[in-house]
Amino acid sequence: MSSTPVPVTPYGRTPLRTVQVLGGGGAGSSAHVRSLAAGLAARGVRVTVCAPVETEGEYDFTGAGARFAPAAVTALRAACTGADIVHAHGLHAGMRAALALRGQRVPLVVTWPSGPSGEGPLGQLTRLLERRVARAAAVVLGACSAQVDQARRRGARDARLAPVTVPAARQAPEAPDAGKVRAELGVVERPLLIAVGSLVPHRGYHVLLDAAREWRALDPVPLLVIAGEGPQRAVLARRIETEGLPVRLLGRRPDVAELLAAADVAVLPSRWEARSLLAQEALRAGVPLVATAVGGVPELVGEAAVLVPYGDAGAFAGAVAELLGDAPRRAGLAAAGLLQAGTWPSEDDTVAQVLAVYDELMDRTR
């Protein structure tokens, strides 16, 4: 039985003032900041969220008890003036927060960005920014062990593991049943596979399309739907049409929870993930998951998913085909996923851990 946190006056201050800074406003980080803002506000902390304007409409930070400010440099600098703690979520947010705090003695906490930096000039620039952000932060929080190690390599003075639990997806009061969703997608008598995430290179959708070529040999042929939008849409759409692949690009969808609940298997082909939003949602929904064994995915899912090497389309296609032909195995994974999800920290646990970091930093400045 859970209880609502009782608002308190934290740390002997009336009250603690924090600024949460979002960069690109990705689904996982935006949902986390919304949850964190609500938990902090419920505990008597004054919260300002600086984020892209469009995220306020979708995540309603003010409804969570926070003050909202746009992510523009001038607005961010004004919000940081007088703050006790500034917490940036991601690389670009961390860089902008560090610049806004120049000349101020305000501790900066950074939730580390996902993934390897890549190669070439862009990779070099990313590593340079990572070093600057890591060294500017009083504390760096990593959602998985790989992120903590990377932050330390970039020069972080204090890097800690802080698993982020994204809130469970909220379904509409009259959400359509799985049968209706499947009928609307035209998969009443064929398997449904689902991937969710922005259409960008590191998501590994090119590998997924390679796997989809092999699924055409199955009977019945499964349909893969990809919910998300991004710069690779045209490239992916061209391949789907040219190669006649059993794949549909759905664009950005507000009903991901309903789509996921209707799926037979969720697929995560990414080159890198820390604590994947799709993986968390799939396991919580009892949907079998096939994912790449990268970043924080193995420690997140444990034995409750089928893991394959990144970039191996044959292994991915084979793992999915085996699951589709083995109903008991799918049921076993669904049950294991629910058990694994029960081991993750709750939203309250996540808020409490962040508050403990803030408390420690405030003690240092007294």
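Here are some notes to help you find your way around this structure, which is a predicted model.

1. **Strand 9 and its cover.** A good place to begin is strand 9, which spans residues 223-227. This strand is mostly covered, with 5 of its 5 residues buried. Its side chains point in two directions: L223, V225 and A227 go one way, while L224 and I226 go the other. Whichever way they point, all of these residues are buried.

2. **The neighbour on the strand 8 side.** Which way does strand 8 run relative to strand 9, parallel or antiparallel? Strand 8 (residues 192-196) and strand 9 run parallel, and 5 bridges join them. If you would like a pair of residues to look for, L193 stands opposite L224 in strand 9. Helix 8 (residues 205-215) belongs with these strands too: strand 8, helix 8 and strand 9 make a right-handed β-α-β unit.

3. **The neighbour on the strand 10 side.** Strand 9 also pairs with strand 10 (residues 247-251), through 4 bridges and in the parallel sense. Here the residue to pick out is V225, which stands opposite R248 in strand 10. A right-handed β-α-β unit is made by strand 9, helix 9 (residues 233-243) and strand 10.

4. **Strand 6 and its partners.** Now move back along the chain to strand 6, residues 139-142. V139 and L141 point one way from this strand, V140 and G142 point the other way, and all are buried. Strand 5 (residues 108-111) runs parallel to strand 6, with 3 bridges between them. Strand 7 (residues 159-161) pairs with strand 6 as well, again in the parallel sense and over 3 bridges. L141 is a handy landmark: this residue is the bridge partner of T111, and it also stands opposite R160 in strand 7. Between strand 6 and strand 7 the chain passes through helix 6 (residues 145-153), and this β-α-β crossover is right-handed.

5. **Salt bridges around R160.** The count of salt bridges comes to 17. One of them involves R160, whose side chain meets that of D158 with an N to O distance of 2.8 Å. How covered are the two partners? R160 has a relative accessible area of 22%, so it counts as partly exposed. D158, at 18% relative accessibility, counts as buried. The two values fall on either side of the cut-off, because buried means under 20% relative accessible area.

6. **Salt bridges around helix 9.** Where helix 9 covers residues 233-243, you can find R233, which forms a salt bridge with E229; their closest N and O atoms are 2.8 Å apart. E229 is partly exposed at 38% relative accessibility, and R233 is partly exposed at 28%. Another salt bridge joins E243 and R239, with the closest N and O atoms 2.9 Å apart. These two residues are 4 residues apart in helix 9, so about one helical turn separates them. E243 is partly exposed, with a relative accessible area of 25%. Elsewhere, salt bridges that share partners link D158, R160, E360 and R364 into one network.

7. **Cysteines.** How many disulfides does the structure hold? The number is 0. C50, for example, is in no disulfide, and the nearest cysteine sulfur, that of C80, is 6.2 Å away. A disulfide needs the sulfur atoms to be within 2.5 Å, so C50 and C80 do not qualify. C50 is buried, with a relative accessible area of 0%. C144 also counts as buried, at 1% relative accessibility.

8. **A nonpolar patch on the surface.** L122, L125 and L128 make a nonpolar surface patch of about 280 Å². L125 is found in helix 5, residues 120-136. With a relative accessible area of 43%, L125 is partly exposed.

9. **A leucine under cover.** For another leucine, look at L36 in helix 1, residues 27-42. Is L36 buried or exposed? At 2% relative accessibility, L36 counts as buried. To get a sense of distance across the model, note that the C-alpha atoms of L36 and T242 are separated by 45 Å. Along the chain, L36 and T242 are 206 residues apart.

Terms used:
Residues are numbered from 1 along each chain as its sequence is written. This is a predicted model: local features need pLDDT of at least 70, side-chain atom pairs count only at pLDDT 80 or more; totals for chains, interfaces and linings use all residues. Side-chain values use heavy atoms; hydrogens and water are left out. Buried means under 20% relative accessible area, exposed over 50%, partly exposed in between (1.4 Å probe, protein chains only). Two strands pair if DSSP finds at least two bridges between them. A crossover is right-handed if, with the strands pointing away from the viewer, the path from the first strand over the helix to the second runs clockwise. Patches are made of residues with over 30% relative accessible area and no salt bridge: like charges are joined within 9 Å, nonpolar side chains (Val, Leu, Ile, Met, Phe, Trp, Tyr) within 5 Å. Accessible areas come from the Shrake-Rupley method with a 1.4 Å probe; for residues, only the protein chains shown count as cover. A salt bridge is a side-chain nitrogen of Lys or Arg within 4 Å of a carboxyl oxygen of Asp or Glu.
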